[in-house]
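Please look over the overall build of the chain and the charged side-chain pairs described in this report. The sequence and the model come first, and the text follows.

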Amino acid sequence: MVLLEFDKVSFAYPGAGSRSLDQVSFTMCEGEYLVVCGQSGCGKTTLLRNAKRELAPAGAREGVVFYRNTPLHQLDADIAAMEIGFVQQIPDNQIVTDFVWHELAFGLENMALPTPIIRRRVSEMASFFGIETWFRKSVHELSGGQKQMVNLASIMVMNPSLLILDEPTSMLDPIAARALFDVIKRINKELGVAVLLTEHRLEDVFPTADRALIMQSGQIIADSSPAQVAKELAGFRERQRIYFGLPAPARIFSELGAVNEIPLTIRDARTCLSKYMQGKTPQTSEFAPPSDQTRPNPVLRGRELWFRYTPDGADVLRGLDLSLEEEGILCLLGGNGSGKTTLLKVLAGIVKPHRGKVKVSKSAKIAMLPQHPQSMFTRDTLLEDLLDSADGDRNAVDSWAKRLEIDEFYDRHPFDLSGGEIQRAAICKLLTRGADTLLMDEPTKGLDAYIKRRLTGILRELNKSGMALLIVTHDLEFAASCAKRCALLFDGTIISEDTPHTFFAGNRFYTTAANQIARDYFPDAITCEEVIACCRTSFTASAPLSRSG
Amino acid sequence: MRRIYAQTVHPACILLFYIGAIGFTLACHHPVIVSVSFVCACLYLAVLGGGCALWKSLRFALLLMIVVSLFNPIFNRRGTTLLFMLGNNWVTLESTVFGVVSGIQLASIIVWSGSYMIAMTSDRFLYLFGKAAPSASLLITMTQRFIPTIQLQIEQICTSQQMLNQTPKRVLPKMNAAVRNISALLSWSMENAVEMADSMKARGYGIRRRTTFHLFRFDSRDSVILCLLLLLSGICALARLFGHGRMEFFPDMTLIITGVSGIVMYSAFALMALLPTFFEISQKIKYARIFPKGDPKLGSVRI
C-alpha cells in the first residue's frame, strides 16, 4: 500500500534563481526503508521538509504530496503531527524540556492525552530504546548520541507510520551514529515504521535500506535497490562524488567488477573476495614504510598527564604520555568518553593537567578546531569571518574556500549553514589562520566522503610543507588514509601507537572495513585503494609466477 | 549526592506542610510558636542539606534577626516596663521582647525557605501549578534548559576564539571582541530557537491546550502524611481561632501560656513542624539498617 507519494513536486525558495526540487515524483510503501542521497545542496532537505506539513518551507510550490492518498495540506492536524515524525540534524536544538522523561512526553502533552496513557507510551518507548537507566536524567548530562536517541524516542512515542530523518548523524561520532542506525533499523524491522532518510554515511545505511534515491540538482536521477544503485554509481564515477560514500565492500567490488551482485556487507564481501582469489597467489604488499627513523623533535609533548573534572570524579587522563613531532600527523582514536577531547583541551592549554606537564616548542603557533564548529564564528557573514581570521588576506581566503567548496556561501550567515557546511567553514577558518600546529577535534564530522578525501589531500599537503597535526577522530577510514602515526586511547592512557599500517593490521576489531575484508589475503592493506591494487596485482601475477618461483 | 527522602513524598504533601509551617509562623506572633518554628526549621534544613546549607541560610537569618531585635526597641517606645534609657528614649522590656519575637519569626521563615528549595524542586512545583497554567509552566521548563545551554555556549565561543589566537591584548580591541562574542552568542541561540520551534511544531505544539505529564504518584504513605498534616494543622487553626497563639505586648505583656488548650496547640504545632525531620531521619535509619555496610560503590577507593 502506498504511504507517501510525491506527484511531480517542484519547489523554489523565494528569491532563488533555480528550483530546489524539479518535477520530483516517487512513491513509498508502508514499512519501506528509503534512503535519499546526493551531495550537499542537491535538494535532499527540501524534499524531506516538503513531506512534513508543519515544516514545509515557504516558497513557490507545484504538484501535490499525498499521504495515504490524502493531499498533505488536507490532512487532519492530529494525523499530520502524530503519524509523520521528523528528526533534524542538530541533537541539541530539538530538545525542548529539561528532563529526559519530560522530553519523551512532550508530543503527547501537546495532544492533550491524559497522564496514565502518556505514562504507558513513554515507558514502552523508554524500554524499546533502552533508556531506562537515564530516564530521569537532566538532558544536560547526556552525550550527543544520547540526545539524538531521546529526539528519536520522543517522536516514536507519537506512534508514527512514517519516520523522516534529515542527516540525523551529522553531529555524531561514528559509534554513536551506528547505534542510532541500529535503532532506526529496529524501528523499521520490528515496528514496521516506514523510514525516509538522508545520509552521507552510506556504509551504515546501504545494507539495511530497501531502496535508494540519488538526487542531483533537484531531480531524482536514480531510484532502485542499494546494490543496483551502487553498480550504477560505479558506472559514472567521475561525475558522481557520492560514489566515494559507498560502503567499502561495494567500492572494492564495483571497481574490480568481478561479481554479479555487489556486496554491501563485510561478510558478503569476504565471501566474494575468497571467490575472487581462488587459484591466485596473494601478492604480499609493502605498504608500511620502514619504521626505523630517528624521531624528530616534538612540537608538543605531554608527560604523565592526569586530569579529572570534579574532585570526586573518576580520572579522565591517567598518566598519559604523548608527543607530536615536527611534521607529524598523529591520529588519536578511541571510543566515546575515552578522554580524547579532554586530552586536546589539556594539550591546547585550555585546562591545566592536575599532574604532569605539557611542553610546547617555543616557535609553535597552535590553533585548534573545536568540537562545536559554530563557536568559531562571530561575524555576520562567512566572508567577514574568514577575512578576519586571515587578517584581511583575500587571496588566502579564496584559495582555501574554493578547495573546501564554501566560496558560494560567502554572503550567508555562518549559522545558516548546514552541519557539513559549517564544519567545512570551520576548517577553512582554521587553515586561513596560518598556524603551524593544528589540533583538530573530529574534523570529518558531517562531511561527505568526497570532501573527506579532499581534506585528507589538503592535510597531507600542509604536512609536507611542515605543519604538525594532531587529529582526534572516530573515523578509522580517515585515520588510515591521513595519518602518519595512529594511537589508541583507552582508559585514560595510550595503549598503542604505530604507523597506520602496522597499527590497523595489528588490531583485530578496531580496524578499517577494507582491512576487515582483505586481512586474510593482504593483512597490510588498510584502504579500499590498497585492497583494489593488491587484488589487481594478484591477478596479473597469478599461477605462472608462483610456479616459476 | 545526598539522598533526600522528602523528594519521595508527593509534592502536594510537601506544599501543604510548608503552607502550614510558614503560615502559622506568620499568623502567630507568639514566642513559643516562633521559637519552636525556628528550631524545627534549623533541624530540618540540617537534616536535608547538612551543616553547610544550614550555615549558609543561618548567616543571613541571624543577621536579620539581630537587626530586627535591636532596632525595634530603639524605635518602638511603647510598653510600660523601663529597662534603661538610651539618650532621651525609653527602652522597654515589652518592645524588646516584641523585637526578638519578630526577629525569630523572620529568621525561621528564611530557614524554612532554605529547606523548601531542597525538598520542592522545580519539576514538583511545575507539576502542582502546571495544570492551571500549562503555557507558563512550559515556559519555565524551557528557561531552565536554556540557561545552562547559554552558559555552555559562551564558554565554547570564548575558548574557540582563544584557540584561534584572536584574543587581542589592548583594551579597546579586547572590548570589541567581547561584544562580538556576545552578539555571536545571541545569533547562535536565535538560530537554535528557530530549530527548536520547528521541533515543537513538528510534534503538534499549538494544536490544542496541552496537558502536563508527570511521574508522581499519590500512594498510601502520602495519604497518611496528608491526614496527619491536616489533623495537626486543624488543631492549630482551631486553637488560633479561639485566640491562642497570640500575645498582647502593649501596653503590658499577657501570660505566655494560657491554659491546657494553649499547651495542646503548641504541641500540635511542634509535632507538625517536626514531622518532616522525623520522616527524613526514620527513612535514613531504615536504609542504614537495610544496607549496614553503606554504599559499596562509595566505599571503594578510586585509583
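Which residues are linked with Asp22(A) in a network of salt bridges? The network consists of Arg19(A), Asp22(A) and Glu62(A), where a salt bridge is a side-chain nitrogen of Lys or Arg within 4 Å of a carboxyl oxygen of Asp or Glu.

This is a predicted model, in which local features need pLDDT of at least 70 and side-chain atom pairs count only at pLDDT 80 or more, while totals for chains, interfaces and linings use all residues. Residues are numbered from 1 along each chain as its sequence is written, chains are lettered from A and ligands numbered from 1 in the order in which they are written, and side-chain values use heavy atoms, with hydrogens and water left out.

**Overall build**

Chain A has 21 helices and 19 strands, counted as DSSP runs (H or I of at least four residues for helices, E of at least two for strands) and numbered from the N terminus. The radius of gyration of chain A is 25 Å, which agrees with the value near 24 Å for a compact globule of 549 residues; the radius is taken over C-alpha atoms, and the globule rule is 2.2 Å times the number of residues to the power 0.38. Along the principal axes, the C-alpha atoms of chain A fill a box of roughly 70 × 65 × 50 Å. Of the 549 residues in chain A, 59% are buried (buried means under 20% relative accessible area, exposed over 50%, partly exposed in between, with a 1.4 Å probe and protein chains only).

**Salt bridges**

Over all chains, the count comes to 34 salt bridges, and three of the pairs are set out below.

| Pair | Closest N to O distance |
|---|---|
| Glu109(A) and Arg210(B) | 2.4 Å |
| Arg453(A) and Glu529(A) | 2.9 Å |
| Glu190(A) and Arg186(A) | 3.3 Å |

Glu109(A) forms a salt bridge with Arg210(B). Glu109(A) lies in helix H4 (residues 100-110) of chain A and Arg210(B) in the loop between helix H6 (171-202) and helix H7 (220-241) of chain B, so the pair joins two chains. Both Glu109(A) and Arg210(B) are buried.

Arg453(A) and Glu529(A) meet in a salt bridge within chain A. Because Arg453(A) belongs to helix H16 (residues 449-464) and Glu529(A) to helix H20 (residues 528-540), the pair ties together parts that are 76 residues apart in sequence. Arg453(A) is partly exposed at 37% relative accessibility, and Glu529(A) is partly exposed at 39%.

Glu190(A) and Arg186(A) are four residues apart in helix H7 (residues 174-191) of chain A, and are therefore separated by about one helical turn.
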